[in-house]
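User: I have a structure open here and would like to talk it through with you. Can we begin with strand pairing and then move on to other topics?

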Amino acid sequence: FVGMASPSRGTEQLCTWKIVVDANHRSGAAHTLDRDQVFMVLSGSIGVAGEVLGPGDVLVVPAGDDIDVSNPGDVPAEVMVAIPAGFTATMADGTPFGTPPWAK
């Protein structure tokens with residue numbers, strides 16, 4: 001995770017970051033967020049919330065839906081992610097995670 005925009009970087013309303021998902025990565029347990037999250041694939045392919053996305057694809061995962069990220073491809077995938085600032089995450093077992101450090 002590489003933080004781009006967040007409250008600590010000058011924006012009060014938006015968080016963005018870039019992730020690189022290793023080739024053939026399989027997701028662990030799903031989690032949920034309390035805000036809509038947008039995935040924008042730059043290169044490679046990823047699986048998010050049961051859908052496979054390729055370069056140029058965009059997927060909005062509604063608040064409360066399960067999120068799990070995988071890479072079914074043989075090359076790393078680069079993805080930009082955007083979500084409103086102040087979001088919180090909850091792990092699959094119901095444990096609150098809060099806001100990750102790259103989004104603060």
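User: Which residue in strand 9 is the bridge partner of Thr16?

Analyst: Keeping in mind that this is a predicted model, the bridge partner of Thr16 in strand 9 is Ala82. Another pair is Trp17, whose bridge partner in strand 9 is Val81.

User: And how many bridges join strand 2 to strand 9?

Analyst: Strand 2 and strand 9 run antiparallel and are joined by eight bridges. Strand 9 also pairs with strand 4 in the antiparallel sense, over five bridges, and there Ser43 has Glu78 of strand 9 as its bridge partner.

User: What's the strand order in that sheet?

Analyst: It is an open sheet of five strands in the order 1-2-9-4-7, with antiparallel pairing. Strand 1, residues 2-5, and strand 7 stand at the edges, and each has a single partner strand, so one side of each is left without a neighbour in the sheet. On average, and with direction ignored, neighbouring strands of this sheet are turned by 25° against each other.

User: Is strand 9 mostly covered or mostly open?

Analyst: Strand 9, which spans residues 77-84, is mostly covered, since six of its eight residues are buried.

User: Then strand 7, where do its side chains point?

Analyst: In strand 7, residues 58-61, the side chains alternate: Leu59 and Val61 point to one face and are buried, whereas Val58 and Val60 point to the other face and are not buried. This follows a general pattern, because in a regular strand the side chains alternate between the two faces of the sheet.

User: What joins strand 7 to strand 4?

Analyst: Strand 7 is joined to strand 4, residues 37-43, by four bridges, and the two strands run antiparallel. Within that pairing, Gln37 has Val61 of strand 7 as its bridge partner.

User: Just before strand 4 there's Asp36; where does it lie, and is it buried or partly exposed?

Analyst: Asp36 lies in the loop between strand 3 and strand 4, and its relative accessibility of 42% makes it count as partly exposed. Between the C-alpha atoms of Asp36 and Leu53 the distance is 17 Å, with their positions 17 residues apart in sequence.

User: Switching sheets: which strands make up the open sheet of three?

Analyst: That open sheet has the order 3-10-11, again with antiparallel pairing. Strand 3, residues 31-33, and strand 11, residues 96-98, stand at its edges with a single partner strand each, so one side of each has no neighbour in the sheet. The twist from one strand to the next averages 25°.

User: How many bridges link strand 3 and strand 10?

Analyst: Strand 3 and strand 10, residues 89-91, pair in the antiparallel sense over three bridges, and Leu33 stands opposite Ala89 of strand 10.

User: What about Thr95, where is that?

Analyst: Thr95 lies in the loop between strand 10 and strand 11, and at 38% relative accessibility it counts as partly exposed. Although Thr95 and His31 are 64 residues apart along the chain, their C-alpha atoms are separated by 9.5 Å.

User: New topic, pockets. How much space lies in the largest pocket, and which residues lie nearest its centre?

Analyst: The largest pocket holds about 490 Å³ of space. Its lining comprises 23 residues, and those nearest the centre are Phe1, His31, Ile67, Val69 and Trp102. The elements that give two or more residues to this lining are strand 2 (14-21), strand 3, strand 4 and strand 10.

User: Which one gives the most?

Analyst: Strand 2 does, with four residues in the lining of the largest pocket.

User: And how does that lining divide by residue type?

Analyst: The lining residues of the largest pocket divide into 17 nonpolar, five polar and one charged.

User: Last one, the whole chain: how many helices and strands?

Analyst: The protein chain has zero helices and eleven strands. Its radius of gyration is 13 Å, close to the 13 Å that the globule rule gives for 104 residues, so the chain is as compact as a globular protein of that length. Taken along the principal axes, the C-alpha atoms fill a box of roughly 35 × 30 × 20 Å, and buried residues make up 38% of the 104 residues.

Note on methods. Residues are numbered from 1 along each chain as its sequence is written. This is a predicted model: local features need pLDDT of at least 70, side-chain atom pairs count only at pLDDT 80 or more; totals for chains, interfaces and linings use all residues. Side-chain values use heavy atoms; hydrogens and water are left out. Buried means under 20% relative accessible area, exposed over 50%, partly exposed in between (1.4 Å probe, protein chains only). Two strands pair if DSSP finds at least two bridges between them. Axes are lines fitted to C-alpha atoms, for helices over the stretch in contact, and angles run from 0 to 180 degrees between N-to-C directions. On a 1 Å grid over the protein atoms alone, a cavity is a set of points where a 1.4 Å probe fits but cannot get out, and a pocket is an open set with protein on both sides within 12 Å along at least five of seven lines; lining residues have an atom within 4 Å of a point. Grid points are joined across faces, edges and corners, and a volume is the space filled by probe spheres set on the points. Ala, Val, Leu, Ile, Met, Phe, Trp, Tyr, Cys and Pro count as nonpolar, Asp, Glu, Lys and Arg as charged, and the others, Gly among them, as polar. The radius of gyration is taken over C-alpha atoms; the globule rule is 2.2 Å times the number of residues to the power 0.38.
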